[in-house]
Amino acid sequence: MRDPDGLIARAGVRGDPDRDQHFLVDDRVLDRLPTYLQEIDADTNHVLEIGGGTGALTDRLLAMGDEDDEVTVVERDRELAEFLREEFADEIAAGDLTVIEGDALEVDLPEFTASLSNLPYGVSSEITFRLLPEGRPLVLMFQREFAERMVAEPGTSEYGRLSVSTQHYAAPEIVETIPKEAFSPPPAVESAVVRLEPRDPDYEVGDEAFFLRFVKALFTQRRKTIRNAIRNTAHITGLEAPDAVVEAADEELLRKRADAMAPAEFAALAELAAEVGEPNEARAQ
């Protein structure tokens, strides 16, 4: 395996916190990361890595696969993308590696079977919710606090919109916490690795976009009862008749607050709102 510090030296770069660049340099962590896909027998025929940096994780991903497997790396930094093309020239020539230079939120992503990535923390949420709808196994690194919110259960202080939205697509699990010292330069906070196994939720929603918007709206009023939250957020949900939803909903549910509702309860209420609340997407903010 390539030495992480050696890669940084050859690249002639230094991590820049202002640009969300923290290079993972702990060999033990780097060696463990691929195992979190292998433990669930994930298909690694085509692994996507977002934010390749100097290639320490890329190197492990290339070693993880079989002869016909491939890796695609998306790297937005021009100098780092060029370094990856030079450092891994043989792997690229062999068809094992593709380097895409660009922003992971804007470029066309390839078809992939799994993703393992040390995400730029500033855009980790946006990237995650670009990947989750693809229904592929993901092993992603986040700020620890963000990761804990992803896996939180109803009734806990960490439970919120992120919890419901994440668990709508996948079963998330924190598989490892990472100390600051594993990075160069060390970030201000601890990190955590989250494995997300795709799954179908145990409920159905007719309009996924409305469901997610509805969840977002109610959590903006998390200290209010659901009754008041529905009435106060019509500008977000786009409901033309929020009072009709309140009148049709179960009284016990209306007395709850958003952080006490399970994802299935949100789904049932969203379906009711879509049926009687006259949602108007053009009105939603």
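**Figure 1. Phe210 and Phe214, two rings in helix H10 of this predicted model.** Phe210 and Phe214 are four residues apart in helix H10, so about one helical turn separates them. An α-helix has 3.6 residues a turn, so residues three or four places apart point the same way. The ring centres lie 5.8 Å apart, and the planes meet at 35 degrees. The pair therefore counts as tilted, because its angle is neither under 30 nor over 60 degrees. Phe210 has a relative accessible area of 3%, so this residue is buried. Phe214 has a relative accessibility of 1% and also counts as buried.

**Figure 2. An edge-to-face pair, Tyr159 and Phe219.** The model has five aromatic pairs. In the pair of Tyr159 and Phe219, the distance is 6.0 Å centre to centre, with 70 degrees between the planes. That angle is over 60 degrees, so the pair is edge-to-face. The two rings come from distant parts of the chain, 60 residues apart. Tyr159 sits in the loop between H8 and H9, while Phe219 belongs to helix H10. Are these two residues buried or exposed? Both Tyr159 and Phe219 are buried. Together with Phe266, they form one aromatic cluster.

**Figure 3. The open sheet and two of its helices.** Seven strands build this sheet. Their order is S4-S3-S2-S5-S6-S9-S7, and the pairing is mixed. Which strands form the edges? They are strand S4 (97-101) and strand S7 (170-178), and each pairs on one side only. Neighbouring strands are turned against each other by 20 degrees on average, direction ignored. Helix H5 (residues 78-87) packs on the sheet and touches strand S3 (70-75) and S4. The direction of H5 makes about 165 degrees with that of S4. Helix H8 (residues 144-151) packs on the sheet too, touching S6, S7 and S9. Its direction makes about 125 degrees with that of S6.

**Figure 4. Strand S6 and its partners S5 and S9.** Five of the six residues of S6 are buried, so the rest of the structure largely encloses this strand. Strands of a sheet pair through backbone hydrogen bonds, either parallel or antiparallel. Four bridges join S6 to strand S5 (residues 114-118), and these two strands run parallel. Here Asn118 stands opposite Met141 in S6. The chain passes from S5 through H7 to S6, in a right-handed β-α-β crossover. Six bridges join S6 to strand S9 (residues 191-198), and these two run antiparallel. Leu140 stands opposite Val194 in S9. Phe142 has Ala192 as its bridge partner in S9.

**Figure 5. Helix H9, a largely enclosed helix.** How many of the nine residues of helix H9 (residues 161-169) are buried? Eight are, so the helix is largely enclosed by the rest of the structure. The buried residues are Leu162, Ser163, Val164, Ser165, Thr166, Gln167, His168 and Tyr169. What covers these residues? The cover includes helices H7 and H8 and strands S7 and S9. Helix H10 (208-219) and helix H15 (263-276) are part of it as well.

**Figure 6. Arg136, a loop residue with contacts far along the chain.** Arg136 lies in the loop between helix H7 (124-131) and strand S6 (138-143). Its relative accessible area is 31%, so Arg136 is partly exposed; that class runs between 20% and 50%. The side chain of Arg136 reaches the backbone oxygen of Phe112 at 2.8 Å. Beyond its neighbours within four places in sequence, Arg136 is in contact with Glu111, Phe112, Thr113, Ala114, Leu196 and Pro198. Arg199 is 63 residues away along the chain, and its C-alpha atom is separated from that of Arg136 by 9.3 Å.

**Figure 7. Thr54, a buried loop residue.** Thr54 is found in the loop between strand S2 (46-50) and helix H4 (56-64). Its relative accessible area is 4%, so Thr54 counts as buried, under the 20% limit. Which residues is Thr54 in contact with, leaving aside its neighbours within four places in sequence? They are Leu7, Ile8, Ala11, Val13, Phe23, Leu80, Phe83, Leu84 and Phe88.

Key:
Residues are numbered from 1 along each chain as its sequence is written. This is a predicted model: local features need pLDDT of at least 70, side-chain atom pairs count only at pLDDT 80 or more; totals for chains, interfaces and linings use all residues. Side-chain values use heavy atoms; hydrogens and water are left out. Buried means under 20% relative accessible area, exposed over 50%, partly exposed in between (1.4 Å probe, protein chains only). Contact means heavy atoms within 4.5 Å. A polar contact is a pair of N or O atoms within 3.5 Å; within protein, one must be able to donate a hydrogen and the other to accept it, and residues adjacent in sequence count only if both atoms are side-chain atoms. Two strands pair if DSSP finds at least two bridges between them. Axes are lines fitted to C-alpha atoms, for helices over the stretch in contact, and angles run from 0 to 180 degrees between N-to-C directions. A crossover is right-handed if, with the strands pointing away from the viewer, the path from the first strand over the helix to the second runs clockwise. Rings of Phe, Tyr and Trp (its six-membered ring) pair if their centres lie within 6.5 Å; planes under 30 degrees apart count as stacked, over 60 as edge-to-face and the rest as tilted.
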